[in-house]
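Good morning, and thank you for joining this group meeting. I would ask you to look at the sequence and the structure before I begin.

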Amino acid sequence: MLGNFTYCNPTRLYFGKDSLENLEDELKKYGKNVVLIYGGGSIKKNGIYDQVTAILRKSGKAVAEISGVMPNPTLKKLLEGVEIARAHKADFLLAVGGGSVCDYAKAVSVSVHCKGDIWDKYFVKFFEPVCEIVPVGCVLTMVGTGSEMNAGSVITNTDTKMKVGHVFNDSVMPKFAVLDPTYTLTLPHYQMVAGIYDIFNHICEQYFSGEDDNTSDYIAEGLMRSLLHSSRIANKDMLDYEARSNIMWTATWALNTLVACGKSTDWMVHMLGQAVGAYTNATHGMTLAAVSLPYYRHILPYGIHKFKRFAVNVWGVDPAGKSDEEVAKQGLEEMEKWMRELSLVMNITLLGADESMIEKLADSTLVMTGGYKVLSREEICEIFRESL
Ligand code: NZQ
Ligand code: ZN
């Protein structure tokens, strides 16, 4: 591998059935005032809320709550939460939920002691926090984002229609994350497959960049193959623990900075998808699924060797007697078949976008430069049009 990099991941993971039993010992490391952060109520229905609050009580914590963190958390909701955490003099933030809740907790953690305009500082100018950071721990209930072991936080500004992710420095990573695959078994099929595609695309975003022989790409291929295998099992039997646990573990490794080592990384599918998300509030993984094939078909000629390798090593395409282009295209055809098998949403019309939004979607799309092709505005519009 030719790139230089620094690797550090300070998040401690507790993985497996009953891993919540480690929460009590973790909580001992932090002060008395805990803010419990969760979403729209799934944790109350499936009993996780009761389990977590029992441990908080046993640990003698003074608990305030931020509830109702929505999928694609908004700036308005973030500002509300910051006030609650300030009023409670929060020593620790405990996020119980999916990527939205974990991302939101990280955004609160860097904002509680921050003076000034949080949106401008963190999500427009991408400054690193210089204030004290309130530590975060996560109990994960939805698999996909990797938020449990990374420093990313994605917030939507509904006024400016911008959905922006900031990957903060290592100090913002959760101190620990509890990953009990049984907690994910109550997810609806739609969320499960959206999460699976999110994982797959995280790996693609890092894989489709660079020309060097890089260990990260071999690891990425292994993760993708494991995910394809387990996703097919889970798609048929959502309660298959072995498949769901593999998916959970793959999600963490797909976006905890490991497979980005030595890579320039692309992230353009996410930029296109996040623009769709900002306008439609659609489920994150589905926004990615809806724009992926038009995007990959568009950039294929610029990264033909990697798309060929993807076809052979991930999708098992036999290259014998075929041109590089034929092999590469067949890889994307296999990928499309898998996506349809999972019932992913394959166009942005079904997510609420239409032709009249194309220019606005392009306005909301940040252009990345680490992939095989830096897109022009015309190309972005063309890809959105092909995604309708
Ligand atoms: O709100 P509740 O009632 O909890 O319901 C949630 C929500 O409606 C539900 N859910 C979660 N766990 C459940 C459950 N339902 C039943 N049983 C359970 N065990 O699932 C719905 C979706 O949850 P959400 O947290 O929104 O999903 P996800 O984990 O996909 O997170 C999406 C957010 O993460 C951001 C996305 O942009 C989006 O805002 N991302 C964060 C990243 C990061 N930190 O690195 C990277 C990603 O690319 C992504 O952008
Ligand atoms: Zn994602």
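How much space lies in the largest cavity? The answer is about 60 Å³. I should say at once that this is a predicted model, and every value I give is computed from it.

Let me stay with this cavity for a moment. The count of cavities of 30 Å³ or more comes to 1. Its walls, that is, the lining of the largest cavity, consist of V143, T184, L187, Q191, M192, I196, R244, I247 and M248. Two helices deserve attention here: helix 7 (189–207) and helix 9 (241–254) each contribute at least two residues to that lining. Sorted by class, the lining of the largest cavity comprises 6 nonpolar, 2 polar and 1 charged residues.

I now turn to an open space, the second largest pocket. Its volume is about 210 Å³. Lining the second largest pocket are 17 residues, and those nearest its centre are T6, C8, D170, M173 and T257. By class, 9 residues of this lining are nonpolar, 6 are polar and 2 are charged. Where does the second largest pocket lie with respect to domain 1 (12–183) and domain 2 (188–387)? Both domains give residues to its lining, so the pocket lies between them.

My next topic is the aromatic residues. In this model, the count of aromatic pairs comes to 22. One of them joins Y30 and F92, whose rings are stacked, with 4.4 Å from centre to centre and 20° between the planes. Why does this pair tie together parts that are 62 residues apart in sequence? Y30 is in the loop between helix 1 (23–27) and strand 2 (33–38), whereas F92 belongs to strand 4 (residues 92–97), and the pair therefore links these parts. Are Y30 and F92 buried or exposed? Both Y30 and F92 are buried.

A second pair, Y207 with F208, is edge-to-face: the centres are 5.2 Å apart and the planes make an angle of 80°. Y207 and F208 are likewise buried. These two residues also belong to one aromatic cluster, together with Y197, F200, Y295, Y296, F307, F310, W315 and W338.

Finally, I would mention two lysines that lie over aromatic rings. K17 is placed over the face of Y241, at 4.3 Å from the ring centre. K44 lies over the face of Y49, at 4.7 Å from the ring centre.

Thank you for your attention.

Definitions and conventions. Residues are numbered from 1 along each chain as its sequence is written. Chains are lettered from A and ligands numbered from 1 in the order in which they are written. This is a predicted model: local features need pLDDT of at least 70, side-chain atom pairs count only at pLDDT 80 or more; totals for chains, interfaces and linings use all residues. Side-chain values use heavy atoms; hydrogens and water are left out. Rings of Phe, Tyr and Trp (its six-membered ring) pair if their centres lie within 6.5 Å; planes under 30 degrees apart count as stacked, over 60 as edge-to-face and the rest as tilted. Helices (H or I, at least four residues) and strands (E, at least two) are DSSP runs, numbered from the N terminus. Buried means under 20% relative accessible area, exposed over 50%, partly exposed in between (1.4 Å probe, protein chains only). A charge sits over a ring if NZ of Lys or CZ of Arg is within 6 Å of the ring centre and within 35 degrees of the ring normal. On a 1 Å grid over the protein atoms alone, a cavity is a set of points where a 1.4 Å probe fits but cannot get out, and a pocket is an open set with protein on both sides within 12 Å along at least five of seven lines; lining residues have an atom within 4 Å of a point. Grid points are joined across faces, edges and corners, and a volume is the space filled by probe spheres set on the points. Ala, Val, Leu, Ile, Met, Phe, Trp, Tyr, Cys and Pro count as nonpolar, Asp, Glu, Lys and Arg as charged, and the others, Gly among them, as polar. Domain bounds come from an automatic or database domain assignment.
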